[in-house]
Amino acid sequence: MPLHPVPARPDGLPDRIRHWIGGAFRDSADGAVFDVADPVSNSPYASAAAGGAADVDLAVAAARDAFPAWAAMGDRERANLLYRVADAVEEREDRLAGFESFDSGLPIAQARGQARRAAENFRYFADVIVALGEEAYRVGDRQLNYVVRSPTGVAGLITPWNTPFMLESWKLAPALAAGCPVVLKPAEWTPLSANLWPEILSAAGVPDGVVNIVHGIGAEAGQALVDHPDVPLISFTGSTTTGRHIVRSSAEHLKTLSMELGGKSPVVVFADADLDAALDSVLFGVFSLNGERCTAGSRVLVERSVYDDFTRRLAERAERVRVGAPGDPSTEVGALVHPEHYARVMDYVETGRGEAKLVAGGGRPSHLPEGNYLQPTVFADVPRDARIFQEEIFGPVVAVAPFDDEAEAVELANSTRYGLAAYVWTGDLRRGHRVAHAVESGMVWVNSHNVRDLRTPFGGVKDSGLGREGGAHSIDFFTESKIVHVML
Ligand code: NAD
């Protein structure tokens, strides 16, 4: 499909964003709203309903009403509905990507990729649910033991502002495939693309009440969902701080939790690697999606013999990355999502100047006087105790440091509290496996970009999360298993 520029204000932009409960748009019970701004003008373009406990109550009640019929529907019938959701997403790719890019600052070309991935998530989980078998065991000819899986109940889905629509689809698709109705609480900085779900789900024929959306501030709408006694499971993607808080709040009702949290993922580059490929991958890994990517390779560890050369080339390439308007198809890094986040990332850049050597970027591009723009930024010689080495920045900022041998590489890779992803580049495949096994992370890519295989478990260790989503792991999360023992 040809890329074409998206106007600064996409056509069809709503000026009100409302909850969607039981198949109807609704304002908040108390009429509360909040302003939603785009990250280029930073001025409000819409007001969104600010949900609270009363709205979450209504949404949970609608989901509970829809639960018996949705759970009882055959897997094939449910899968067919999910295929139709995928079709409906694809039919709206232009509008969806345009909205996402406008609202979140994501470059339009990358927003299109995320829209396609959202459709793929629905197709994939439709396939999973019809293909999934159940366990059965026979004890000689005396006993048969088999597992019955059933959807757990109303699922609470809480999502962040980075690639919002895609991450919503990543939770909606398996929850629906498994037979759970849902209440989704989208991120308050980027509610625009979520406002397309009602149209998409209705076009696909998903029954009213199966998906309910309550917009609002995390501490209010999100917290009400976490606290609701009739929501037995919460799938959360967001920051480690919020994740920790949700785990504590959920203790009262012993909820089933999936926590996809922050990261500070290492890229380990050995001297014997294909250094051109490693360089391409480092640039992609930390600067695509504006660096607002949980699996960003934001710490690059390079073997000392090639360190100076690799760092110099990385800095040169970073300077050439095209920063520009999110709607311009040639843009590679757009605007950071929100002025508050922009200020936070800029603070890290200032901190970094005192901690390490700035070799590329470090400020606002001169041709972009307005909007949340930052030049792709590279810091070299970053000590391991530096804040820019330890803390998740979640922007186009990368910390580079040298290592002398494999043991030091692994030790440095593991020297943060996070453990989401890791990347290893080496010409020695045995070493690639060794380092992959030694690195503390949920996912490792060896001589590879961050390419997702939806069948594999996705998640982190240490402060990066609890549990795994992806493939049958997602279905496990949204279902309860019961074992039935039968004497024959
Ligand atoms: P955040 O934690 O501030 O917010 C995430 C969501 O939680 C939002 O919808 C917010 O409204 C809600 N929330 C906030 N307080 C809440 C509360 N008390 N109760 C219930 N909900 C509440 O995170 P963010 O800034 O939107 O997202 C960026 C973070 O997400 C980064 O740390 C990033 O690494 C992480 N992330 C992780 C993954 C992953 O798969 N591991 C993927 C994407 C993003």
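**Figure 1. Strand β8 and its parallel partners in the predicted model.** In this predicted model, Ala155 of strand β8 stands opposite Val182 in β9. The chain passes from β8 to β9 by way of helix α5 (residues 164–178), and this β-α-β crossover is right-handed. Strands β8 and β9 run parallel and are joined by four bridges. Strand β8 also pairs with β11, again in the parallel sense and over four bridges. Within that second pairing, Gly156 is found opposite Ile234 of β11. As a general rule, strands of a sheet pair through backbone hydrogen bonds, in either a parallel or an antiparallel arrangement.

**Figure 2. The two faces of strand β8.** In a regular strand, side chains alternate between the two faces of the sheet. Strand β8 is covered on both faces. Ala155 and Leu157 are buried on one side, and Gly156 and Ile158 are buried on the other.

**Figure 3. Helix α7 and its packing partners.** How many of the ten residues of α7 are buried? Seven of them are, and the helix is accordingly described as mostly covered. The buried residues are Glu220, Ala221, Gly222, Gln223, Ala224, Leu225 and Val226. They pack against two helices, α1 (53–72) and α8, and against the strands β8 (155–158), β9 (182–185) and β11 (233–237). An α-helix has 3.6 residues a turn, so residues three or four places apart point the same way.

**Figure 4. The shell around the ligand.** The ligand is surrounded by 30 residues, and the closest are Pro160, Gly218, Gly222, Gly238 and Cys294. Two elements, α7 (218–227) and α8 (240–250), give two or more residues to this shell. Which element supplies the largest share of the shell? Helix α7 does, with five residues. Sorted by class, the shell holds twelve nonpolar, 14 polar and four charged residues.

**Figure 5. Glu260 and the annotated domain.** The unreviewed UniProt entry places the feature "active site" at Glu260. This residue belongs to strand β12 (residues 256–260). Is Glu260 buried or exposed? Glu260 counts as buried because it has 27 C-beta neighbours inside 10 Å, and the cut-off for a buried residue is 20 or more. When residues up to four places away in sequence are not counted, Glu260 touches Phe236, Thr237, Gly459, Gly465 and Glu469. The unreviewed UniProt entry also places the feature "domain: Aldehyde dehydrogenase" at residues 27–484. This span is 42% helix and 20% strand, and its end C-alpha atoms lie 46 Å apart.

**Figure 6. Ser288 and Leu289 in the loop after helix α9.** Ser288 is placed in the loop between α9 (275–287) and β14 (297–303). Ser288 counts as buried because 22 C-beta neighbours lie inside 10 Å. Apart from residues up to four places away in sequence, Ser288 touches Gln110 and Arg293. Along the chain, Ser288 and Gln110 are 178 residues apart, yet 7.9 Å separates their C-alpha atoms. Leu289 occupies the loop between α9 and β14 as well. Leu289 is likewise buried, since 24 other C-beta atoms lie within 10 Å. Most residues other than glycine have a negative phi. Leu289 is not a glycine, but its phi is positive, at about 55°.

**Figure 7. Ala278 within helix α9.** Ala278 is located in helix α9. It counts as buried because it has 24 C-beta neighbours inside 10 Å. With neighbours within four places in sequence left aside, Ala278 is in contact with Val269, Ala273 and Trp425. The C-alpha atoms of Ala278 and Val446 are separated by 10 Å, although these residues are 168 residues apart along the chain.

**Figure 8. The open sheet β1-β5-β4 and the loop at Asn42.** Three strands form an open sheet in the order β1-β5-β4, with mixed pairing. Strands β1 (16–17) and β4 (33–37) are the edge strands, each pairing on one side only. Strand β1 runs parallel to β5 (residues 44–49), and two bridges join them. The bridge partner of Arg16 is Ser47 in β5. Asn42 lies in the loop between β4 and β5. Asn42 has a positive phi of about 55° although it is not a glycine. Because 14 C-beta neighbours lie inside 10 Å, Asn42 counts as partly exposed.

How values were computed:
Residues are numbered from 1 along each chain as its sequence is written. This is a predicted model: local features need pLDDT of at least 70, side-chain atom pairs count only at pLDDT 80 or more; totals for chains, interfaces and linings use all residues. A residue is near a molecule or strand if its C-beta atom, placed from the backbone, lies within 6 Å of it. Ala, Val, Leu, Ile, Met, Phe, Trp, Tyr, Cys and Pro count as nonpolar, Asp, Glu, Lys and Arg as charged, and the others, Gly among them, as polar. UniProt positions are given in the numbering used here, feature names are shortened, and annotations may be inferred rather than shown by experiment. A residue is buried if 20 or more other C-beta atoms lie within 10 Å of its own, exposed if 12 or fewer, and partly exposed in between; C-beta atoms are placed from the backbone. Two residues are in contact if their C-beta atoms, placed from the backbone, lie within 7 Å. Two strands pair if DSSP finds at least two bridges between them. A crossover is right-handed if, with the strands pointing away from the viewer, the path from the first strand over the helix to the second runs clockwise.
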